[in-house]
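I opened my notebook to look up the hollows and the cysteines in this one. Here is what I wrote down as I went.

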Amino acid sequence: MGVPDDYETASRWIESASHIVAFTGAGISVESGIPTFRGEDGLWSRYDPKILDIGFFMKNPAESWRGIREIFYEYMDAKASPNDAHRFLARLEANGTLDGIITQNIDNLHQEAGSVNVVEFHGTAKRIVCPSCTYETSSEKIDMSNLPPLCPKCGTPLKPDFVFFGEAIPPEAYSRSLKLLENCDLLIIVGTTGEVAPASYLPYEAAGVKSIEINIEESAYTENLSDIFLRERASVACRKISEKLRKRVI
Ligand code: ZN
């Protein structure tokens, strides 16, 4: 028996915690086929980010929607299904030790994996809303052959219910996140390098609480916040942790 490695320590912490909160970002969904926006092969090397600027969208809904349809409703939707990292977190919640997930992702994969208490800090692509009235519907029910899709009640161009550049974080997402973080006794950071504010500040709300970080590269949290840094792809790290649990979850 040697010194416990980081995966062993992470497993022990997960076993002894009772209010785990996970904070996730694009890196957890990469292995599910969801491309990232940043970086060399990121979507922003192919699309102009202005299509997701709220001011631009309001003036040019058809042009924005052409890019949005391609990125979020043709490309991402067709390819994506949850991976072991999503499943791992869903099982911890089912076991009663994970209180919830705060995600920056808008891809619905946590819910598809079985997670129930998911705070979608940046909203979701699965819901389409009318900016002028209360109409909302599921993206699957929208006819995207004619863009922009229009509100059947008032005729205003509809908008995906995720946070555009220039839009505020939904207040409810903020308050639910803070509540989760206030009560948590273990924070697991997965697949986020902490570059997008204000989401990036959230982990610091749990300062003083033990934290495990899973990322393929060092992040803003590695030095300042994380007690354990597992440099690994999300699904691989979660499988390795699970193998060391007394009762495997995936
Ligand atoms: Zn409307």
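A word on classes before the entries: Ala, Val, Leu, Ile, Met, Phe, Trp, Tyr, Cys and Pro count as nonpolar, Asp, Glu, Lys and Arg as charged, and the others, Gly among them, as polar. I also kept in mind that this is a predicted model.

**Entry 1: the cavity**

I started with closed spaces and found 1 cavity of 30 Å³ or more. Its volume comes to about 30 Å³. I listed its lining as T103, N105, D107, N108, L109, H110, Q111, V118 and E120. By class, I noted 2 nonpolar, 5 polar and 2 charged residues around this cavity. Which element gives the most to the lining? It is helix 5, with 3 residues. Helix 5 (109-113) and strand 3 each supply at least two.

**Entry 2: the largest pocket**

Next I turned to the open spaces. The largest pocket holds about 1200 Å³, and I found 43 residues lining it. Nearest its centre lie A26, T36, F37, R38 and V196. Helix 3 (61-79) and strand 8 (210-215) are the elements that give two or more residues to this lining. I sorted the lining of the largest pocket into 21 nonpolar, 14 polar and 8 charged residues. I then checked the domains: domain 1 (1-33 + 82-122 + 169-250) and domain 2 (35-79 + 123-162) each provide at least three of the lining residues.

**Entry 3: the second largest pocket**

For the second largest pocket I wrote down about 330 Å³. Its lining has 18 residues, with E120, G123, R127, D161 and P170 closest to the centre. Strand 3 (118-120), strand 4 (123-129), strand 6 (159-162) and helix 6 (171-183) each give two or more residues here. I counted 9 nonpolar, 2 polar and 7 charged residues in the lining of the second largest pocket. Where does this pocket lie with respect to the domains? It lies between domain 1 and domain 2, because both give residues to its lining.

I made one cross-check on names: E120 is among the residues lining the cavity, and E120 is also one of those closest to the centre of the second largest pocket.

**Entry 4: the cysteines**

Last, I looked for disulfides and found 0. Why is C238 not in one? Its sulfur is 17 Å from the closest cysteine sulfur, in C184, which is too far for a bond; a disulfide needs the two sulfur atoms within 2.5 Å. I noted C238 as buried because its relative accessibility is 1%. C154 went down as partly exposed because its relative accessibility is 40%.

How values were computed: Residues are numbered from 1 along each chain as its sequence is written. This is a predicted model: local features need pLDDT of at least 70, side-chain atom pairs count only at pLDDT 80 or more; totals for chains, interfaces and linings use all residues. Side-chain values use heavy atoms; hydrogens and water are left out. Buried means under 20% relative accessible area, exposed over 50%, partly exposed in between (1.4 Å probe, protein chains only). On a 1 Å grid over the protein atoms alone, a cavity is a set of points where a 1.4 Å probe fits but cannot get out, and a pocket is an open set with protein on both sides within 12 Å along at least five of seven lines; lining residues have an atom within 4 Å of a point. Grid points are joined across faces, edges and corners, and a volume is the space filled by probe spheres set on the points. Helices (H or I, at least four residues) and strands (E, at least two) are DSSP runs, numbered from the N terminus. Domain bounds come from an automatic or database domain assignment.
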